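Me: Please take a close look at one part of this model, the packing of two helices and the sheet beside them. I would like a connected account.

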Amino acid sequence: MHELTVIENVLQISGQVARDNQLRRIDVINLDVGGMQHLNEEIMQHGFDAAKKDTVASEASLKIFWLPVKLRCNACSRVFGTDNGKFHCPGCGSKDTEVEQGMELNIKSIEGE
Amino acid sequence: MEIKVLKNVLDKNMNQAEKNRQTLMRNQVKMVNFISSPGAGKTTLLEKTIPVLQEDMKVGVIEGDAYTSKDAERLQQFSIPIVQINTGGTCHLDSSSIEKALGELVLEELDLILVENVGNLICPTAFDLGEDFRVAVLSTTEGDDKPAKYPMLFRQAKAVVLNKIDLMPYINFDNETFKNDLWEINPNLQVFETSSTDGTGVAKWLKWLKGALKEEEKRV
């Protein structure tokens, strides 16, 4: 539901990078989004299409790379995925685990001329 | 031409959150961020929490709502500084609105700020405000299946208050499953079962909160 705030920030940061690198237009914005961020692709794309008008990204496409949630067990170092709210290690059962991937919300790169 | 950026989209919010943290630390003020869905009972919980905390410390409130100042008005009875932020439809508070609110409070005269975030379990989770810790408030009427649906919130929270336990006899709420699901996501979560209206469980919650705030003091 905060997709619009995210999009506004994406455009602001991308616009600054374009200016810093003398790009006349942005063609693609590559975004990494982790699975634990509650963001919806469709809403992101709709929001992007609306907000990009009259900006250096007006013709750009937004490519979202959805990163699956990965946890690391601090007891046995196993790395495992989860999509059902189970955060304990399936190997040794330890609950001492860390989120290794899944919280990302990063602009990876922008492409343009 | 491809230009590597590798920047967090919410960098600006994070930077301001850190500045808020520094401001609060300089003035020795703690800040707790209450996150819940609308109607879980955040304001009622604060009505029970504030008078007890006031015995030992000077409390202020930052109240976040899309519209109206109804919740702030309810808390005026405690004669504490309250700043109302109306987001005008935005589903969360962010660190820049907290910065403005901190500017409206006399921080030298406060020990603790309680932030009542906009009623929403998803959006506020993504926005660091500069708080010391987060408390999630859920109510039994929302169902016992919520933990797995909001892992980021429960992973980051220090405590969960499960409110409206007086209604448990009338609904299908599996308390054991609920707590086990929470501890699956975050084994360190403190869980408090309360009825903010009749007072059940509130003393235990308050005892923990006071202790947690003292611990935060020692950390600094």
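Reply: A crossing of two helices is called right-handed if the near helix is turned clockwise from the far one by less than a right angle, and left-handed if anticlockwise. In this predicted model, the crossing of H1(A) and H2(A) is right-handed. Helix H1 of chain A covers residues 3-20, and helix H2 of chain A covers residues 41-51. Their axes lie 9 Å apart and meet at an angle of about 50°. Angles from 35 to 65 degrees count as oblique, so H1(A) is oblique to H2(A).

On the H1(A) side, the contact is made by Glu3(A), Leu4(A), Val6(A), Ile7(A) and Leu11(A). H2(A) contributes Ile43(A), Met44(A), Gly47(A), Phe48(A) and Ala51(A). Eight residues of this contact are nonpolar, one is polar and one is charged.

H2(A) also lies across S1 and S2 of chain A, and runs at about 155° to S2(A). Both strands belong to an open sheet of four strands with mixed pairing, in the order S2(A)-S1(A)-S6(A)-S1(B). The edge strands, each paired on one side only, are S2 (61-67) of chain A and S1 (2-8) of chain B. Neighbouring strands of the sheet are turned by 20° against each other on average, direction ignored.

Within the sheet, strand S1 (residues 26-34) of chain A pairs with strand S6 (residues 105-112) of chain A in the antiparallel sense, over seven bridges. In this pairing Ile29(A) stands opposite Ile110(A) of S6(A).

Note on methods. Residues are numbered from 1 along each chain as its sequence is written. Chains are lettered from A and ligands numbered from 1 in the order in which they are written. This is a predicted model: local features need pLDDT of at least 70, side-chain atom pairs count only at pLDDT 80 or more; totals for chains, interfaces and linings use all residues. Side-chain values use heavy atoms; hydrogens and water are left out. Two strands pair if DSSP finds at least two bridges between them. Helices (H or I, at least four residues) and strands (E, at least two) are DSSP runs, numbered from the N terminus. Axes are lines fitted to C-alpha atoms, for helices over the stretch in contact, and angles run from 0 to 180 degrees between N-to-C directions. Contact means heavy atoms within 4.5 Å. Angles under 35 degrees count as roughly parallel, over 145 as roughly antiparallel, 65 to 115 as roughly perpendicular and the rest as oblique. Ala, Val, Leu, Ile, Met, Phe, Trp, Tyr, Cys and Pro count as nonpolar, Asp, Glu, Lys and Arg as charged, and the others, Gly among them, as polar.
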